[in-house]
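Ready for a few short exercises at the bench or the screen? Open the model, try each task by eye, then follow the worked solution.

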Amino acid sequence: MLRLAIQKSGRLSEDSLNLIRECGISFLAASNKLKTEATNFPLEILYLRDDDIPGYVQDGVADLGIVGQNVLVEAGFPALEVEGLGFSKCRLSLAVPRAAAYDSIQDLQGVSIATSYPQILGDYLREKGVQAHLHTISGSVEIAPSIGLAEAICDIVSSGSTLLGNGLREVETVFRSEAVLIANQNLNAEKKELLEQLQFRMQAVRRARR
Ligand code: ATP
Ligand code: ZN
């Protein structure tokens with residue numbers, strides 16, 4: 001039996017469950033529980049915080065997972081990715097206060113930046129030759145400039161309205177993300193076969209949606 005970890009409640013949850021259902025896999029809805037078993041496919045679904053999913057799949061506690069690439073790469077396990085799923089598209093962007101002067105990334109030299117993605121942002125800035133002071137905070141990143149915690153932020157953006165509402169303007173795209181299927185790299189032959197069946201069904205669902 002395959003164990004698939006999905007987000008318990010959040011932006012990935014509904015689309016993850018819908019994808020599994022559209023693959024013809026039935027299970028009792030039980031988002032208040034920690035896990036459910038499918039009735040017509042050897043699959044168990046674990047409901048977890050999205051941040052915990054990459055580590056559980058890396059360690060083999062779960063065989064598979066559905067998680068945003070942003071969380072996967074930040075966790076340091078990009079190699080677990082099996083395929084993109086086409087939903088929960090968003091980007092990780094740098095933003096500065098609307099009135100701040102900004103011409104290029106070089107303007108962030110020595111600046112303090114609040115983010116929940118220090119690894120991805122750190123890699124990006126290193127590549128650009130920019131040294132900045134990163135403040136890692138776990139939420140409400142967009143209010144950091146207005147409370148004086150940082151001069152810029154790097155956060156997830158989908159429409160940009162949250163940035164506007166906080167008097168910020170997006171100046172650089174750091175990373176583009178979508179939901180991805182991830183898998184443990186040491187699955188046994190039986191589980192690999194089940195993963196292939198599942199991928200085959202997921203690809204058929206995505207073709208049918210287009
Ligand atoms: P959890 O409680 O599981 O830790 P969370 O609050 O960290 O949840 P969500 O806000 O539910 O996470 O977002 C889950 C994922 O959805 C993000 O990591 C990202 O990949 C994707 N996403 C898509 N659009 C957005 C958006 N506008 N804001 C935040 N995340 C988005
Ligand atoms: Zn999370």
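**Exercise 1.** In this predicted model, find how strand 1 and strand 4 run relative to each other, parallel or antiparallel.

*Solution.* Start with strand 1, residues 2–7: 2 bridges join it to strand 4, and the two run parallel. To check the register, look at Leu-4, whose bridge partner in strand 4 is Leu-64. Next, turn to strand 11 (residues 179–183), which pairs with strand 4 in the antiparallel sense over 5 bridges. Here Ile-66 stands opposite Leu-181.

**Exercise 2.** Decide whether the residues of strand 4 are buried or exposed.

*Solution.* Take the two directions in turn. Leu-64, Ile-66 and Gly-68 point one way, Gly-65 and Val-67 point the other way, and all are buried. With 5 of the 5 residues buried, strand 4 (residues 64–68) is therefore largely enclosed by the rest of the structure.

**Exercise 3.** Work out which strands pair with strand 7.

*Solution.* Strand 7 (residues 112–115) pairs in the parallel sense with strand 8 (residues 133–136) over 4 bridges. Strand 7 also runs parallel to strand 9 (residues 152–157), joined by 3 bridges. Ile-113 is a handy marker: Leu-134 stands opposite it in strand 8, and Ala-152 is its bridge partner in strand 9. Finally, add helix 4 (residues 118–128): with strands 7 and 8 it makes a right-handed β-α-β unit.

**Exercise 4.** Describe the surroundings of ligand 1.

*Solution.* Count first: 15 residues surround ligand 1, and Gly-10, Arg-11, Gly-68, Cys-90 and Ser-158 are the closest. Then sort the shell: 4 nonpolar, 7 polar and 4 charged. Last, assign domains: domain 1 (2–88 + 178–209) and domain 2 (90–176) each supply at least three residues.

Definitions and conventions: Residues numbered from 1 in each chain as written. Chains lettered and ligands numbered in written order. Predicted model: local features only at pLDDT ≥ 70, side-chain atom pairs only at ≥ 80, totals over all residues. Near = placed C-beta within 6 Å. Nonpolar A, V, L, I, M, F, W, Y, C, P; charged D, E, K, R; others polar. Domains from an automatic or database assignment. Buried ≥ 20, exposed ≤ 12 C-beta atoms within 10 Å, placed from the backbone. Pairing = 2+ DSSP bridges. Right-handed = clockwise from strand over helix to strand, strands pointing away.
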